[in-house]
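This report goes through selected local features of the structure shown below, then its helices and its nonpolar cores.

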Amino acid sequence: MLLKSSIHLLKSYEDGKMKRVINSTLLLCSALASSCIPAADDFSTDSKKIAAMLTKQAHPLTLPQKSLVLIAARSAIGDMPGLNDALQQGLNNGLSIGDCREILVQLYAYAGFPRSLNALGELMKVVDARKAIGISDNEGSLPGPLPSPDEMLTAGTQNQTALVGSPVKGPLFEFAPAADEYLKTHLFGDIFSRDNLDWKSRELATVGALAAMSGVEPQLKAHLSMSMNVGLTHSQLAELVPLFDEKGEQAIANRLRTALSAVSPG
């Protein structure tokens, strides 16, 4: 049933979609293992929910989207003064407190708990300071119903498959099956099942964090391809390069520029 619905979904995209799917799979596999083959498992899919997450964005990146990228990048490298400024700008640009909190919680999966917890503490300071001067920020929304713990592995596998473009399996996961289960159950399950932040926002935040860190270029390329799989275009992602240049983050801009040049626009 999944195979039929997945084929139907993939065929609904433009001609270049399949090329990006292949690129995403290859890049993710190269980031995680030396080789990769499709998994044979058959999963049920909430096709309507996934299709909504994969809808193509027709307009340039919005100010809130650009803001969340800066928030993620500065959090990932522990730049607290820069993060404070990015949070202030993000809230002024329309991000809710919940949006910012969700970005920073997700960050721990890529930059570790210390960076995530420090960034959350900075968000608390920013929110309290704004309240003290009479600024009332939008609280945002909570996630809808989540899969039960027993269902999370299946849900996470579905989400991972949709984000990458096909099921992923490789020697690394055979060598360390716990890592495979953690990725599917927790990152793509517990985190990506939280629908109070859409997948475009989650991928943009991930791109921002990975672009800010050195030594994770394979993962950055993989998530650039996944960003295109969830409906962003190569040219929209390229808007982030001048954004970082203008903020004086030349190293991040150069890292992102190099990674984008290695990812096919489809």
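## Ser 116 and its surroundings

In this predicted model, Ser 116 is located in helix H7, which covers residues 113-132. Its relative accessibility is 2%, so Ser 116 counts as buried. A polar atom of the Ser 116 side chain lies 2.6 Å from the backbone oxygen of Leu 104.

Leaving out residues up to four places away in sequence, Ser 116 touches Leu 104, Val 105, Leu 107 and Tyr 108. Of these, Leu 104 and Leu 107 are among the buried residues of H6.

## Helix H6

H6 has 15 residues, and the distance from its first C-alpha to its last is 21 Å, close to the 21 Å expected at 1.5 Å a residue. The helix is mostly covered, with 11 of its 15 residues buried. The buried residues are Ile 97, Gly 98, Asp 99, Cys 100, Glu 102, Ile 103, Leu 104, Gln 106, Leu 107, Tyr 110 and Ala 111. Charged residues are included here: Asp 99 and Glu 102 are both on the buried list.

The cover over the buried residues of H6 includes H4, H5, H7, helix H10 (177-191), H11 and H12. After H6 comes Gly 112, with a positive phi near 100°.

## Aromatic pairs and charges over rings

How many aromatic pairs does a search of the whole structure find? The search gives three. In one of them, the ring centres of Tyr 108 and Phe 113 are 4.1 Å apart and the planes are at 10°, so this pair is stacked. Phe 113 has a relative accessibility of 46% and therefore counts as partly exposed. In another pair, the ring centres of Phe 188 and Phe 192 are 5.6 Å apart with planes at 40°, so the pair is tilted. Phe 188 and Phe 192 are both buried, and ring pairs link them with Trp 199 into a cluster.

Two rings also have a charged end over them. The charged end of Arg 202 sits over the ring of Phe 192, 6.0 Å from the ring centre. The charged end of Lys 184 sits over the ring of Phe 173, at 5.5 Å from the centre.

## Helix H8: Met 152 and Gln 160

Met 152 is part of helix H8, residues 152-164. With a relative accessible area of 5%, Met 152 is buried. Its C-alpha is separated by 8.9 Å from that of Phe 188, although the two residues are 36 residues apart along the chain. Beyond residues up to four places away in sequence, Met 152 touches Pro 147, Lys 184, Thr 185, Gly 189, Asp 190 and Ser 193.

Gln 160 also lies in H8. Its relative accessible area is 2%, so Gln 160 is buried. Outside its neighbours within four places in sequence, Gln 160 is in contact with Val 168, Lys 184 and Phe 188. Lys 184 is thus a contact of Gln 160 and a contact of Met 152.

## Helix H12

Helix H12 (residues 217-229) has 13 residues and spans 18 Å from its first C-alpha to its last, close to the 18 Å expected at 1.5 Å a residue. Its buried residues are Leu 220, Ala 222, His 223, Leu 224, Ser 225, Met 226, Ser 227, Met 228 and Asn 229. Following H12 is Gly 231, whose phi is positive, near 115°.

Within H12, Leu 220 is in contact with Val 207, Leu 210, Ala 211, Arg 255, Leu 256 and Ala 259, its neighbours within four places in sequence being left aside.

## Nonpolar cores

Which residues touch the most other members of the largest nonpolar core? Among its 48 residues, these are Ile 71, Leu 204, Leu 220, Leu 224, Leu 240, Phe 244 and Leu 256. At least two residues of this core come from each of helix H4 (63-76), helix H5 (80-92), helix H6 (97-111), H7, helix H11 (199-212), H12, helix H14 (240-246) and helix H15 (250-261). Another core lies apart from it and has 17 residues, including Met 53, Leu 163, Phe 173 and Trp 199.

## The chain as a whole

The protein chain has 15 helices and zero strands. Of its 266 residues, 49% are buried. Counting contacts between residues at least 6 apart in sequence, 79% join residues at least 24 apart.

How values were computed: Residues are numbered from 1 along each chain as its sequence is written. This is a predicted model: local features need pLDDT of at least 70, side-chain atom pairs count only at pLDDT 80 or more; totals for chains, interfaces and linings use all residues. Side-chain values use heavy atoms; hydrogens and water are left out. Helices (H or I, at least four residues) and strands (E, at least two) are DSSP runs, numbered from the N terminus. Buried means under 20% relative accessible area, exposed over 50%, partly exposed in between (1.4 Å probe, protein chains only). A polar contact is a pair of N or O atoms within 3.5 Å; within protein, one must be able to donate a hydrogen and the other to accept it, and residues adjacent in sequence count only if both atoms are side-chain atoms. Contact means heavy atoms within 4.5 Å. Rings of Phe, Tyr and Trp (its six-membered ring) pair if their centres lie within 6.5 Å; planes under 30 degrees apart count as stacked, over 60 as edge-to-face and the rest as tilted. A charge sits over a ring if NZ of Lys or CZ of Arg is within 6 Å of the ring centre and within 35 degrees of the ring normal. The expected span of a helix is 1.5 Å times one less than its number of residues. A nonpolar core is a set of buried Ala, Val, Leu, Ile, Met, Phe, Trp, Tyr and Cys residues joined through side-chain atoms within 4.5 Å.
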